[in-house]
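Dear colleague,

I am passing on the structure we spoke about, and below it you will find my notes on what turned up in it. Please read them with the sequence and the model open beside you.

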Amino acid sequence: MSTTGATADPLAALGSLPGVADSVESVRKAVDRVYGHRVMRRRSTAVTSEAALRGARGSAALSGADWALEEVRRRSDFSGDDEARVVGAALRLTAEAGQLLSIWRQSPLRVLARLHLVAAATNGDEVGRPRAQGEPVREPLVELPLPDAAEVHGRLEGLSELIIAGSSAPALVTAAVVHGEILALRPFTSHNGLVARVAERVVLIGSGLDPKSVCPAEVGHAELGRAAYLAALDGYASGTPEGMGAWIAHCGRAVELGARESTAVCEALQRGAA
């Protein structure tokens, strides 16, 4: 995303793209329905925990580890193979997200570095920092051209400046841009998809749109499918108004589906079935 232009608040300007206002309103209604459920008044912690589990499962599925929810719930060892490690990384990131809210608005790059460190769970010198020129990136499901290290550095700095400065943009717009920018840039040598999706979660929680983290967009992204996800990401990477608007709308639909998932969890808890 370019951060230059006539407007001092480029994130807010994206809110005027065709269809974005409708997506923002639709997301707000979906979130309000979950928060208005009677179960949320008594058992919101249980709903939050279940949303975290389902969100991690959805994010892992988009990174190639499409496990059944009950398998994720049952397992305690995630060190066995590549898929298990992806699921374990997704679970760790989801657990970490809530601990970083106070830091995000002051130092988003520090948060992203921490998220990569948590996801990678190794002591390699490439962990927890943006990649250097020539370092390979392991993100096989994203086939966009890979920006060089200098472009990555500049765009990350620009994104950080926008977050720190604050914006009047709706939370959905900011979350979608953070998600899209990280995944388009792939600033780390691995786990960029997982980091991008949990960063979206951090924005949605910290903005106040979903303060209890019960609307897991990762669930929606997985439900919409990897092909639709990557097609929408292509639109974001194009930088065109149509492509950017389509990506924001796609992220909005994902949040709505995550809200629907947690509404179903509320209903199950109310029946005593979960």
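A salt bridge here is a side-chain nitrogen of Lys or Arg lying within 4 Å of a carboxyl oxygen of Asp or Glu, and by this rule the count comes to 16 salt bridges. Please bear in mind that this is a predicted model.

To begin with the pairs inside a single helix, Glu 50 forms a salt bridge with Arg 54, their closest N and O atoms being 2.7 Å apart, and both residues lie in helix H3 (residues 38-62), four residues apart, which is about one turn of the helix. Glu 50 counts as buried, with a relative accessibility of 14%. These two residues also belong to a network of salt bridges that links Glu 50, Arg 54, Glu 70, Arg 73 and Glu 261. In helix H13, Arg 253 and Glu 256 are three residues apart, again about one turn of the helix, and their side chains meet in a salt bridge at 3.7 Å, N to O. Of this pair, Arg 253 is partly exposed at 38% relative accessibility, whereas Glu 256 is buried at 17%.

Another salt bridge, at 2.8 Å from N to O, joins the side chains of Arg 155 and Glu 181. This pair links distant parts of the chain, since Arg 155 is in helix H8 (residues 149-165) and Glu 181 is in helix H9, 26 residues apart. Arg 155 is partly exposed, with a relative accessible area of 21%, while Glu 181, at 1% relative accessibility, is buried.

Helix H9 itself (residues 171-185) has 15 residues and reaches 21 Å from its first C-alpha to its last, close to the 21 Å expected at 1.5 Å a residue. Because 15 of its 15 residues are buried, H9 is largely enclosed by the rest of the structure. Just after H9, Arg 186 takes a positive phi of about 45°.

Finally, the axes of helix H11 (residues 217-224) and helix H13 (residues 241-271) come within 6 Å and cross at roughly 110°, so H11 and H13 are roughly perpendicular to each other. By class, their contact has seven nonpolar, four polar and four charged residues. On the H11 side the residues include Val 219, His 221 and Leu 224, and on the H13 side they include Cys 251, Arg 253, Leu 257 and Glu 261. Arg 253 thus appears in this contact as well as in the salt bridge with Glu 256.

With best wishes

Terms used. Residues are numbered from 1 along each chain as its sequence is written. This is a predicted model: local features need pLDDT of at least 70, side-chain atom pairs count only at pLDDT 80 or more; totals for chains, interfaces and linings use all residues. Side-chain values use heavy atoms; hydrogens and water are left out. Axes are lines fitted to C-alpha atoms, for helices over the stretch in contact, and angles run from 0 to 180 degrees between N-to-C directions. Helices (H or I, at least four residues) and strands (E, at least two) are DSSP runs, numbered from the N terminus. Angles under 35 degrees count as roughly parallel, over 145 as roughly antiparallel, 65 to 115 as roughly perpendicular and the rest as oblique. Contact means heavy atoms within 4.5 Å. Ala, Val, Leu, Ile, Met, Phe, Trp, Tyr, Cys and Pro count as nonpolar, Asp, Glu, Lys and Arg as charged, and the others, Gly among them, as polar. The expected span of a helix is 1.5 Å times one less than its number of residues. Buried means under 20% relative accessible area, exposed over 50%, partly exposed in between (1.4 Å probe, protein chains only).
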